[in-house]
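Reader: I'd like a close look at one part of this model, with its surroundings included. Could you pick a piece and walk me through what it touches?

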Amino acid sequence: MSSRRIRHHVNPLRSTLLAISRVDMICAPADGRPVEVELGSGEAYFLMERAIETPDRHYIGVEIRREMVAWANEDAEARGVADRVVSVFANISVDMQRLFPPGLVSRFFINFPDPWFKTNQHKRRLIEPKLVTEMLRALRPDGEVFVNTDIFELALDAMTAMEMDDGLVNAVAPWTFLRQTPFEARSRRERQCELEQRKIWRLHYRRE
């Protein structure tokens with residue numbers, strides 16, 4: 001990665017990020033491969049591992065830090081997975097309809113979203129009813145949503161938003177967390193939490 005400092009937390013409600021001039025719609029792969037999307041993909045390590053684990057899919061990372069997007073795409077090229085993993089610069093809070101046509105996505109992943117602990121910052125949190133509605137619009141009829149976080153408050157907020165939407169069903173049981181991930185791939189944060197034996201709250205929902 002470049003020596004230039006990349007911010008860890010970016011306010012998605014900042015005016016310059018509410019009107020990103022160019023956000024291209026993601027098209028379905030010509031070969032019909034299923035599309036998996038990580039919202040807030042950072043360095044896209046998770047997606048690159050997914051591409052190695054399951055190479056017959058197309059992976060899209062959506063990230064609000066432009067420099068991180070450029071670096072992730074360079075890294076995907078260096079790792080030989082650029083034909084399967086692409087990061088795009090967009091603001092999830094406002095750009096979902098510009099990014100995804102209805103019924104394109106087979107899976108959404110949200111891995112360790114920013115906590116925004118202060119009460120006056122809660123409006124910046126990613127997972128809320130509007131995002132759930134947008135994910136449902138973009139999901140295939142059999143589509144899935146996976147969420148990982150080590151912050152119980154965030155996990156409960158995410159669970160509430162998804163449990164209250166009739167379009168999603170908890171793949172385990174109502175108001176129940178997933179005990180372990182079904183994937184070999186891990187984000188950098190997830191590996192660190194496992195190394196430190198920190199509790200990870202996992203959610204798995206399916207589109208009705």
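Author: Contact here means heavy atoms within 4.5 Å. Helices (H or I, at least four residues) and strands (E, at least two) are DSSP runs, numbered from the N terminus. Buried means under 20% relative accessible area with a 1.4 Å probe, counting protein chains only.

My pick is helix 1, residues 45-53. This is a predicted model, where local features need pLDDT of at least 70 and side-chain atom pairs count only at 80 or more, while totals for chains, interfaces and linings use all residues. Residue numbers run from 1 along each chain as its sequence is written, and side-chain values use heavy atoms, with hydrogens and water left out.

The frame first. The protein chain has 6 helices and 7 strands, and along the sequence they go β-α-β-α-β-α-β-α-β-α-β-α-β. Of its 208 residues, 53% are buried. Among contacts with a separation of 6 or more, 77% join residues 24 or more positions apart.

Now the helix itself. Tyr-45, Phe-46, Leu-47, Met-48, Arg-50 and Ala-51 are its buried residues. What do the buried residues of helix 1 pack against? The list takes in four strands and two helices by name: strand 1 (35-39), strand 2 (58-63), strand 3 (85-89) and strand 4, plus helix 2 (66-79) and helix 6 (188-195).

Just ahead of the helix sits Ala-44, in the loop between strand 1 and helix 1. Its phi is near 65°, a positive value in a residue other than glycine. With a relative accessible area of 0%, Ala-44 is buried.

On the other end, Arg-57 belongs to the loop between helix 1 and strand 2. Arg-57 counts as buried because its relative accessibility is 18%. Setting aside neighbours within four places in sequence, Arg-57 is in contact with Arg-50 of the helix list, and also with Arg-33, Pro-34, Glu-36, Arg-84, Ser-106 and Arg-107.

From strand 4, the residue to look at is Phe-109. Phe-109 is buried, at 2% relative accessible area. Beyond neighbours within four places in sequence, its contacts include Phe-46 and Arg-50, along with Glu-36, Val-37, Glu-38 and Leu-39. Phe-146 and Phe-183 are in contact with Phe-109 as well. The C-alpha atoms of Phe-109 and Glu-38 are separated by 4.5 Å, although the two are 71 residues apart along the chain.

A little further along the chain, Phe-112 lies in the loop between strand 4 and helix 4 (129-138). Phe-112 is not a glycine, yet its phi is positive, about 55°. Its relative accessibility of 12% makes Phe-112 buried too.

Ala-185 comes at the helix from the loop between strand 6 (168-170) and helix 6. Not counting residues up to four places away in sequence, Ala-185 touches Phe-46, Glu-49, Arg-50 and Glu-53, and Glu-190 besides. Ala-185 counts as buried because its relative accessibility is 2%. Between the C-alpha atoms of Ala-185 and Thr-54 there are 9.6 Å, with their positions 131 residues apart along the chain.

You'll probably ask about empty space. A cavity is a set of points on a 1 Å grid over the protein atoms alone where a 1.4 Å probe fits but cannot get out, and lining residues have an atom within 4 Å of a point. There is 1 cavity of 30 Å³ or more. The largest cavity has a volume of about 70 Å³, a volume being the space filled by probe spheres set on the points, joined across faces, edges and corners. Of its 13 lining residues, Asn-111, Phe-146, Asn-148, Thr-181 and Phe-183 are the closest to the centre. Strand 4 (105-111), strand 5 (139-149) and strand 7 (201-207) each supply at least two lining residues, and strand 5 gives the most, with 3.

Lastly, confidence: pLDDT is the predictor's confidence in each residue, from 0 to 100. The mean for the protein chain is 87, and 84% of its residues reach 70 or more. Residues 1-7 are below 50, with 11 contacts beyond near neighbours in sequence. Residues 116-124 are below 50 too, and that stretch has 16 such contacts. Where pLDDT is low, the predicted coordinates should not be read in detail.

Notes
1 Å grid on protein atoms, 1.4 Å probe; cavity = no way out; pocket = protein on both sides within 12 Å on 5 of 7 lines; lining within 4 Å. Buried < 20%, exposed > 50% of the residue type's maximum accessible area, 1.4 Å probe, protein only.
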